[in-house]
Every structure is written in C-alpha cells, then in structure tokens.
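Morning, everyone. I have one structure to go through today, and I will take it region by region. Please have a look at it first.

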Amino acid sequence: MDVVKMSNRSSKYECLLFDMDDTLYPRSCGINLACRKKIEEFMLKYLHIDENEVPQMCLDLYMEYGTTMAGLKALGYEFDNDEFHAYVHATLPYEALKPDPILRNLLLSMPQRKIIFTNADKAHAAQVLQRLDLEDCFEGVICFETLNNNNNPSLESKCKGNGNGTILCKPSIEATQAAIKIADTHPNKTIFFDDSVRNIESGKAAGLHTVIFGTSELIPEADHALGSIHNIKEALPELWEGEEVDDDDQPEQVMEAPVVETMVLA
C-alpha cells in the first residue's frame, strides 16, 4: 500500500501528529455523545453491569484510564476488542460529518508529514476520514490496533508494547512515546494537536510541541490554543515558513493531490 509522502521544506517542524475525534471536526457533531451512549449499552447488555452504576462508572473509568474500554479491561472484564468496537461504532451518526474543503486545503498546503494519532480503531478512523474527505491528507494512522498489536514484529521493534495485557492508549505517556517511535520522528521537530487537556499534558511530557483545540484559553502544557482548526494558519504561520504561497490561488488548485489511501501505521 502506498504512503502519502509530503514534501518538507520547513526545518523547524518535520511532523504533525493530529488527534481525530473532536479535533478534525467539532464536538457539536454529536459523535462523542453517541459513542458514550453505545459504550454504556455495551456495559449493560454484555457485561451485565448494574444499570444504575453504568453512567458514572463509564465516566470514572474514562477519567482514570483514558478510555472506558481500557478501564473495563483493567478491572478484569473479558470481551473481544473487535466486537466492542464494532458494537460501539455501528450506529454512530457519521452522516453528521461532512466534507471539509477548508481543512483539506490547509492540510494539503502544509509541507510537513501529517499523521493521525487516535485511541479509536482503524475502522472508525477510516469512516471519519472518508466522511470528511481527508483520506489522502495524512501519511498514516496510529490507532488502537497499532498500539495494541503485540504480535506485530514491526511494532515490537519500535515499541516494547504494553507488556502486561492492558490497553495502551492516550493519555498515558507510554502511548505518546510509542506513537513518536512508530511515526519515526523527533519530539523537538513534532507538533501534537489534541482537544484533551490530559493528552496535551502527556504530549508535552514526552517532549512534543503542543496545540490544544476547542478553546482559545491557553493551558500550562500547551504552546498554542485554537478555538477552531480552521484558524491554524493564523496561529502557526511558521508551519508554512519557506513555502512560496500565492494568495491568489484558488481552492481547486490547492486541493490537487494524488488520491492515495491513508494506511494504518505499524
């Protein structure tokens, strides 16, 4: 499978790591809320957890372990990872996600390597990127399978894996360090974009430059704050340093790019 190779004429940054959900599209799309409801249904239907306990337990595990799924595994609940993801994502309102030509233009105009770093599984990532018409804007995707496939020799050579059977995911610094190794990039040359304060904190701890999305209020561990991803060029013009940009270029000209399928990195 081919990989999108973007030119890199900027010496300051070489790689951009993007969170996906609630970063590439706004939280108002409702994907996050619908996903949480499906997780609660799974807990009730398949794990037989008391109905009165499910909502708070779902939230508490998310806050403590990074994802509710990781928390359930840590507590000893046994279920198939693929079946969990299939159930949770089967009926999400993906139709709320529309092609975003503004974001597409911005991404394609950036000379750096661009990689998705998400806790979601590869099927959900593919669905979201397809709906947003951003599949060919990223070199690859670091997702659930990438971080938790301990049988993959190429992954083991870059990351020792979680080693104890637990799920590796953001916001653990181990997950962020693994993503850096898998992306084959240097933290000082990499910017990490995420809507989660905890994820940004671990990104900074791992040595990454950080951008918090969804707020204009700067937090201690973020180098920049962006209310909307569409404002990225105004906030970080250095990403285009060295690029000769014609302000009269039309969107159609910027969007011209080979159609290459984004691959899951391993």
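Which elements do the buried residues of α4 pack against? They pack against α1, α3 (68-74), α6 and α7 (144-148). Keep in mind throughout that this is a predicted model.

Staying with α4, this helix covers residues 81-89, and its buried residues are Phe 84, His 85, Tyr 87, Val 88 and His 89. Residues three or four places apart on an α-helix point the same way, because there are 3.6 residues to a turn. Phe 84 and Val 88 are both on the buried list. At the start of α4 there is also a side-chain to backbone approach: an oxygen of the Asp 80 side chain comes to within 3.0 Å of the backbone nitrogen of Asp 82.

Now the chain as a whole. The secondary structure comes to twelve helices and seven strands. The chain has 266 residues, and 48% of them count as buried. Taking contacts with a separation of 6 or more, 68% are between residues 24 or more positions apart.

Next, β1. This strand, residues 15-18, is covered on both faces. Cys 15 and Leu 17 are buried on one side, and Leu 16 and Phe 18 are buried on the other. As a general point, side chains in a regular strand alternate between the two faces of the sheet.

What does β1 pair with? One partner is β2, residues 113-117, in the parallel sense and over four bridges. Another is β4, residues 190-194, again parallel and joined to β1 by four bridges. Cys 15 serves as an example for both pairings: its bridge partner in β2 is Arg 113, and in β4 it stands opposite Thr 190.

After β1 comes a loop that leads to α1 (31-45), and Asp 22 is in that loop. Is Asp 22 buried or exposed? It counts as buried, because its relative accessibility is 10% and the cut-off for buried is under 20%. The Asp 22 side chain has a polar contact of 3.4 Å with the side chain of Arg 27. It has another, at 3.1 Å, with the side chain of Asn 32. Leaving out residues up to four places away in sequence, Asp 22 touches Arg 27, Asn 32 and Asp 195.

On to α1 itself and its packing with α2, residues 54-65. The two helices pack at about 115 degrees, and their axes are 10 Å apart. The crossing is right-handed. On the α1 side, the contact is made by Arg 36, Ile 39, Glu 40, Met 43 and Leu 44. On the α2 side, the residues are Val 54, Pro 55, Met 57 and Cys 58. By class, that contact has seven nonpolar residues, two charged and no polar ones.

The last site is Asp 133, in the loop between α6 (122-132) and β3 (140-142). Asp 133 is classed as partly exposed, because its relative accessible area is 30%, and that class runs between 20% and 50%. Apart from neighbours within four places in sequence, Asp 133 is in contact with Pro 99 and Arg 104. Its C-alpha atom is 7.8 Å from that of Pro 101, with the two positions 32 residues apart along the chain.

To recap the two aspartates in loops: Asp 22 is buried, and Asp 133 is partly exposed. That is what I have for today.

Notes
Residues numbered from 1 in each chain as written. Predicted model: local features only at pLDDT ≥ 70, side-chain atom pairs only at ≥ 80, totals over all residues. Heavy atoms only, no water. Buried < 20%, exposed > 50% of the residue type's maximum accessible area, 1.4 Å probe, protein only. Polar contact = N/O pair within 3.5 Å; in protein donor to acceptor, adjacent residues only side chain to side chain. Contact = heavy atoms within 4.5 Å. Axes fitted to C-alpha atoms, helices over the stretch in contact; angles between N-to-C directions. Left-handed = near helix turned anticlockwise from the far one by under 90°. Nonpolar A, V, L, I, M, F, W, Y, C, P; charged D, E, K, R; others polar. Pairing = 2+ DSSP bridges.
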